[in-house]
Amino acid sequence: MDQKERDLFLMTNGNKFKSEHILTINRLLENAESTTVYSTEFKSPSTILIISVLAGQLGIDRYLLGDKKMGTLKLVLFLLMYVFLFLMSFAAIQMDESRNHSTITVLAVVFTAIFFILILAITILWIYDVATISGRTRDLNLKRLYVALNYTGYQTGVHCQTDGHVGNDPSEENA
């Protein structure tokens, strides 16, 4: 790609990557074909953030980023929360109708404790994802660009420096 094409790509897609990766991306694009680069779909960090805020408790944000294990975990925790909400309600109804409250009271307390632990876990995961989802989206976009350009450095722990050098270890430069 020539400089104008690279500049246009970075102007239209620069917000989808971390700022410290822009110079590295510019260097990678020097030898790239524009059709390959423009045919690659990048996710919008802003859109993923909005989805994470609104529906992150269900794990949808993780599914969109390809993290199916964590997405499934968040969905299962969310569904379990409603199961234990139902069990708490059922135990409360049984306490009103039963003469022997001791067993049902213990069950109600256990169900309530599990319910609040699930709410706490879901909330912690949700806050963590809302705080980190934009950066993870930008990292995924960089990985997609590497794959589109057939660059395998991301698999070996590549880092991007602001001087545009792409390498695995900064100490290798001095060796």
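Helices, of at least four residues, and strands, of at least two, are taken here as DSSP runs that are numbered from the N terminus. On that basis the protein chain, which is shown as a predicted model, contains seven helices and two strands. Their order along the sequence follows the pattern α-α-α-α-α-α-α-β-β.

**Chain as a whole**

- Of the 175 residues in the protein chain, 34% are buried, and the accessible surface amounts to about 10,500 Å², with 63% of it belonging to carbon and sulfur atoms.
- Among contacts in the protein chain with a separation of 6 or more, 62% are accounted for by residues that lie 24 or more positions apart.

**Phe111 and its surroundings**

- Phe111 is part of helix H7, which covers residues 101-148, and it counts as buried because its relative accessibility of 16% falls under the 20% cut-off for that class.
- Leaving aside residues up to four places away in sequence, Phe111 touches Phe84, Leu87, Met88 and Ala91.
- For one of these residues, Ala91, which is 20 residues from Phe111 along the chain, the C-alpha atom is separated from that of Phe111 by 8.5 Å.

**Leu8 and the nonpolar patch**

- Leu8 belongs to helix H1, which comprises residues 3-13, and with a relative accessible area of 44% this residue is partly exposed, since that class lies between the limits of 20% and 50%.
- Together with Met11 and Tyr38, Leu8 makes a nonpolar surface patch of about 340 Å².

Note on methods: Residues are numbered from 1 along each chain as its sequence is written. This is a predicted model: local features need pLDDT of at least 70, side-chain atom pairs count only at pLDDT 80 or more; totals for chains, interfaces and linings use all residues. Side-chain values use heavy atoms; hydrogens and water are left out. Patches are made of residues with over 30% relative accessible area and no salt bridge: like charges are joined within 9 Å, nonpolar side chains (Val, Leu, Ile, Met, Phe, Trp, Tyr) within 5 Å. Accessible areas come from the Shrake-Rupley method with a 1.4 Å probe; for residues, only the protein chains shown count as cover. A salt bridge is a side-chain nitrogen of Lys or Arg within 4 Å of a carboxyl oxygen of Asp or Glu. Buried means under 20% relative accessible area, exposed over 50%, partly exposed in between (1.4 Å probe, protein chains only). Contact means heavy atoms within 4.5 Å.
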